[in-house]
Structures are given as structure tokens and as C-alpha cells.
Amino acid sequence: MKVLILPDEQAAMQRAADIVARTVTATPDAVLGLATGGTMLPLYEALAQRHREDGLSFAKTTSFNLDEYIGLAPDHPCSYHSYMQEAFFRHVDIDPARAHLPKGDAPDPQAASLEYEALIAAAGGIDLQLLGIGQNGHIGFNEPTASLGSRTRVKTLTTSTRRANQRYFASFEDTPRYAITMGVATILASRACVLLATGEAKADAVLRMVEGPLSAACPASALQLHASATVILDEAAAGALT
Ligand code: F6R
């Protein structure tokens with residue numbers, strides 16, 4: 001695991017953007033794994049800016065998002081489909097037919113999860129997976145105690161994750177309880193991954209991911225097994241590292 005500590009959020013995000021840009025430039029038909037969440041918003045803005053100003057193209061890329069809430073239609077304003085549309089897809093030249101998210105409104109979410117894994121495999125696997133980290137150490141929606149061998153499936157969200165995400169919904173009660181998420185093993189199968197974490201609130205989770213024992217209690221610690229994982233931090237998120 002390579003850990004890069006940058007002075008601030010802006011520098012950390014630009015470093016992550018550099019890695020995405022390098023991947024897509026070297027391999028225009030790269031398969032990207034994408035994440036949502038507050039941390040990723042400035043990264044998508046930076047990539048959109050590079051598209052506008054430097055001609056960085058996503059026209060041939062394929063993408064697979066990590067996760068989607070169950071029970072939200074794609075056009076629900078709080079769905080990850082909507083997030084991706086607003087934050088990234090509509091600002092770049094990615095082909096919507098190749099930009100995939102799990103189908104949170106599928107009548108059979110478990111079957112939809114298996115189909116999603118099959119689609120990733122049919123695309124040849126993920127070249128570069130972007131990740132954020134939850135304050136409880138989750139990656140995707142692989143909450144503490146998630147099996148490290150898991151593949152895309154339905155997961156129950158913990159109360160702490162629902163509280164953290166409540167800000168996007170009308171109330172805690174309205175915050176979804178379930179999601180479809182790539183599994184830890186799906187993430188580990190990516191050829192390279194970049195985890196971006198900024199802000200003091202992530203410092204403890206970052207410590208457990210980087211220095212803690214490899215344990216399902218902190219699913220992000222599974223990245224210690226990944227042959228090409230880069231963790232990009234600002235100083236605040238790196239604050240608890242020894
Ligand atoms: C989102 C995802 C989550 C987030 C994590 C951090 O697709 O998979 O694991 O990356 O919850 O979210 P923020 O960046 O909002 O703190």
C-alpha cells in the first residue's frame with residue numbers, strides 16, 4: 001500500500017485526478033470503478049475541468065460504480081445514479097451506455113447484484129478503482145464485519161452510515177437501509193485502486209486501514225492485501241498515523 005500525504009484537500013484531490021487522467025490517457029478504453037460521496041465531488045469537478053480545458057476524454061472508457069441504494073429509482077434526486085449524472089457524467093463525454101451503476105430499483109436486488117458482477121467480468125475487470133472511506137472503515141458499503149471474500153451483493157447499512165448519509169435525505173427515517181455494493185473481493189480484484197480521504201473525521205479510519213490489523217472490523221484494511229493500492233490523504237486525514 002502506497003500512502004501519499006499531501007498538504008491539503010486540493011492537493012490530494014489533484015493527485016488523485018492525475019492518476020485517473022494518466023490511466024485514461026494511456027488506456028482510453030480503461031474500465032474505471034467509481035465512487036460517490038462528498039470526498040469525490042471535488043475530484044469529479046477537477047476531471048470535468050480537465051475534460052473541458054485539456055481535452056481529457058472518457059469517450060471510450062467503461063465505468064462501474066461501487067454501490068447504489070436499494071429502493072431508489074435512478075431519477076430519485078438522492079440516488080447515486082443522480083449523483084453521478086450531476087457530478088460527473090453530464091460534464092464529460094462518457095458514453096451513458098457504458099456507465100454502469102447497480103440497479104437499486106431492481107425487483108430482485110440479489111439477482112441484479114450477480115448480473116453486475118457478470119458485467120464487470122465481461123468488461124474484463126476493473127483497471128482503476130476509486131474509493132472513499134467511511135468513518136467506520138467501510139469501503140463501498142462493505143460495513144464492519146463484511147466478509148473480505150464478498151462479491152457484489154445486498155448489504156444492510158449500519159446506523160452510523162445512515163446517520164452520516166442522512167444529510168442528503170429529508171430525515172433519518174427516509175435514509176435507505178439497504179444498498180447493493182461491490183464486495184471487498186470485487187474491489188480487491190481491481191488491477192489498481194486509489195483511495196482518497198480528506199479531513200480530520202477520517203483520521204481514525206485511515207489509521208485502522210493503514211496500520212491496523214487486517215480485519216473485517218475495518219473492511220478498508222483489506223487494501224493491505226492489494227498489490228497496487230494508493231492511499232491519498234490530506235494532512236488532516238493522515239493526522240493519526242504514527
Ligand atoms: C460511495 C461509497 C462510500 C463512500 C464513503 C465516504 O460510493 O462507496 O464508501 O466513499 O462513505 O463518503 P464521504 O466521501 O461522503 O465521506
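Which residue follows α4, and what is the sign of its phi? The views below come from a predicted model, and the second one gives the answer.

**View 1. Helix α4 from end to end.** Helix α4 covers residues 109-122. At 1.5 Å a residue, its 14 residues should span 20 Å. The end C-alpha atoms are 20 Å apart, so the two values agree.

**View 2. The residue after α4.** G124 follows α4. The phi of G124 is positive, near 95°.

**View 3. Two sides of α4.** S113, Y116 and I120 are buried. These three cover an arc of only 55° around the axis, which puts them on the same side of α4. An α-helix has 3.6 residues a turn, so residues three or four places apart point the same way. On the other side of α4, A111, A118, A121 and A122 are exposed. The buried residues of α4 pack against three strands: β3 (62-65), β7 (153-156) and β8 (178-181).

**View 4. The largest nonpolar core.** This core has 65 residues. Those touching the most other members are A16, L131, I133, V194, L195, L196 and V206. Helix α1 (residues 9-26) gives the largest share of the core, six residues.

**View 5. The contacts of L196.** Leave out residues up to four places away in sequence, and L196 touches A12, M13, A16, T39, L43, G132 and I232.

**View 6. Around the ligand.** The ligand has 13 residues around it. T36, G37, G38, T39 and G132 come nearest. By class, the shell holds four nonpolar, eight polar and one charged residues. Two of the nearest residues, T39 and G132, are also among the contacts of L196.

Notes: Residues numbered from 1 in each chain as written. Predicted model: local features only at pLDDT ≥ 70, side-chain atom pairs only at ≥ 80, totals over all residues. Near = placed C-beta within 6 Å. Nonpolar A, V, L, I, M, F, W, Y, C, P; charged D, E, K, R; others polar. Helix = DSSP H or I, 4+ residues; strand = E, 2+ residues; numbered from the N terminus. Expected span 1.5 Å × (residues − 1). Buried ≥ 20, exposed ≤ 12 C-beta atoms within 10 Å, placed from the backbone. Arc of directions from axis to C-beta. Contact = placed C-beta atoms within 7 Å. Core = buried A, V, L, I, M, F, W, Y, C linked by C-beta atoms within 7 Å.
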